[in-house]
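Please open the model in your viewer and keep a selection box ready. The stops below say what to select next and what is there.

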Amino acid sequence: MHRPAPCPVNIFLPDKQKKSAGIVPAIEKARLFSGKGGEIMRAAVPRFIECISLSCLFVPEKTKQTLLDTLYENMRHPNSQIQNAAVQALKYFVPAYLVKGDGENLDNITSKYLEQLTDPNVASRRGSALAIGALPNEFLAKRWRVILLKLCNSCATEDKPEDRDAEARVNAVKGLISVCDTLTQVREHPDTHSKEDDLSLFLLIKNEVMMNLFKALDDYSVDNRGDVGSWVREAAMYGLEKCTYILCKRDSMGFQGKSQEVDSVLKMPNRDVENNQSQLLVDANLATSLVGGFVKQAVEKMDKLREVAAKVLQRIFHNKMFFIPFIPHREKLEEIVPNEVDLKWGVPTFSYPRFIQLLQFSCYSRYVLSGLVISIGGLQDSLRKASITALLEYLQSPETEHTERSSREHNLCTDILRVLEQYKTYDSH
């Protein structure tokens, strides 16, 4: 995550700085946030606070608290543009004016946002998740485990129907990934943290953060706006991609100074690598679940999600910076998802015949089928025809021997039963 650069030399005269710092309190005193034009003012003030922070104007302690309170109130506003403007301002305001404060005040600010994650007011939940993601390491370091686990809980569908809010879950995913990014960037300098604490963080990202993001890929919540769970699934895909790169980068660096040892493991033949996976964060189970989760989204009913999923897979398979190991049938996957631009992944007649080929691999077949049944059973006629045609062509391919064709049909029936068993108690909320 991009962090603000150090403050430049201040060129404003003291009286100008004082007047500028007093503008927001004056707006508050005049009650310009209410009435006609109030929302316009609410959207403008965070941008002004952001500019004050970037310019590093002198701000009295009392005014600092007023500005922080103003941002807090705007982050609780139901208008997403106002929320986003407040979070953007917070990202610059905190390093400029609060990082050097006493530790108790830092903890109080973090605690305040954490408490809002379970607030009955959905706008508060939305804003607080993004706010936590905007905080620098100084606010996160002491309580990183609590923060990550609370954000993980906020990614899940709320128990009470009246509390369910897709936007809050989307923001929780975004905040979670931002916090992971902030915490791990600092740990690229090994002298700043203990090795045990370092390893604990990355294991928590693998075992808790990514597992919750995999669960978010099964968010099919609907309301009067339609498939709002798709917003969560899209955010989760980007989050899983980011977390994978974080773990791969850590594997390449190694723990406890074992970078050469880890590097040698990655260069081993596949059969030897499998016996040494315990030394790596990204193992075969994680790689299979990762690709399978994206493949499922790549054959579902929404054009946008199919395109997002395919492009994420494309970046994972052909990444020049990070090599993701242990991906089963990687050569076939790279053939299905080539490193080419302008491929029409959102077009059903293009994408389905490609991904349907993965039914032949047992490690991916259930993922493909889980997504495919949603498309085949969908209401959109063209999508239903494209998906079922691709499936029939796969099963009835003239190049397939009779025995192999029978085997394909048997495996398909077995996988259908497994999918039905998996989702028999599923509630779309």
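A polar contact here is a pair of N or O atoms within 3.5 Å, where, within protein, one must be able to donate a hydrogen and the other to accept it, and where residues adjacent in sequence count only if both atoms are side-chain atoms. The model is predicted, so local features need pLDDT of at least 70 and side-chain atom pairs count only at pLDDT 80 or more, while totals for chains, interfaces and linings use all residues. Residues are numbered from 1 along each chain as its sequence is written, and side-chain values use heavy atoms, with hydrogens and water left out.

**The whole chain**

Begin with everything shown as a cartoon: the secondary structure comes to 21 helices and zero strands, taken as DSSP runs numbered from the N terminus (H or I and at least four residues for helices, E and at least two for strands). Of the 429 residues in the chain, 48% are buried, a word that stands for under 20% relative accessible area, with exposed meaning over 50% and partly exposed in between (1.4 Å probe, protein chains only). Among the contacts with a separation of 6 or more, 69% are between residues 24 or more positions apart, a contact being heavy atoms within 4.5 Å.

**Helix α5**

Select residues 80-97, which form helix α5; its 18 residues reach 25 Å from the first C-alpha to the last, close to the 26 Å expected at 1.5 Å a residue, where the expected span is 1.5 Å times one less than the number of residues. At the start of α5, add N79 and Q81 as sticks, and a side-chain oxygen of N79 is found within 2.8 Å of the backbone nitrogen of Q81.

Move along to L90, where α5 bends by about 25 degrees, the bend being the angle between axes fitted to the seven residues ending there and the seven starting there. The buried residues of α5 include I82, Q83, K91 and Y97, and the buried residues of this helix pack against α3 (38-55), α4 (61-75), α6 (103-116), α7 (122-134), α8 (137-140) and α10 (166-186).

**The core around L90**

Keep L90 selected and show its surroundings: leaving aside neighbours within four places in sequence, L90 is in contact with L68, L71, M75, P95, Y113, A131, A134 and L135. L90, Y113 and F355 touch the most other members of the largest nonpolar core, which has 115 residues. The largest share of this core, 10 residues, comes from helix α12 (residues 229-253). Such a core is a set of buried Ala, Val, Leu, Ile, Met, Phe, Trp, Tyr and Cys residues joined through side-chain atoms within 4.5 Å.

**Charged pairs**

Side chains of opposite charge can pair when their charged atoms come close. The structure holds 24 salt bridges, each a side-chain nitrogen of Lys or Arg within 4 Å of a carboxyl oxygen of Asp or Glu.

Select E61 and K64 in helix α4, which lie three residues apart, about one turn of the helix, and whose side chains meet in a salt bridge at 2.9 Å, N to O. Is each partner buried or exposed? E61 counts as exposed because its relative accessibility is 60%, whereas K64, with a relative accessible area of 13%, is buried.

Next select R125 and E158, whose side chains meet in a salt bridge at 3.6 Å, N to O. This pair links distant parts of the chain, with R125 in helix α7 and E158 in the loop between α9 (144-155) and α10, 33 residues apart. R125 is buried at 6% relative accessibility, and E158 is buried at 14%.

**D165 and its network**

Stay in the loop between α9 and α10 and select D165, which counts as buried at 7% relative accessibility. A polar atom of the D165 side chain lies 2.8 Å from the backbone nitrogen of A168. Not counting residues up to four places away in sequence, D165 touches V122, R125, R126 and E158. Extend the selection to R126, E167, D223 and R225, which together with D165 are linked in a network of salt bridges.

**Two exposed lysines**

Finish with K100, in the loop between α5 and α6, which is exposed at 85% relative accessibility; the C-alpha atoms of K100 and E138 are separated by 9.2 Å, with their positions 38 residues apart along the chain. Then select K304 in helix α16 (residues 303-317), exposed with a relative accessible area of 52%.
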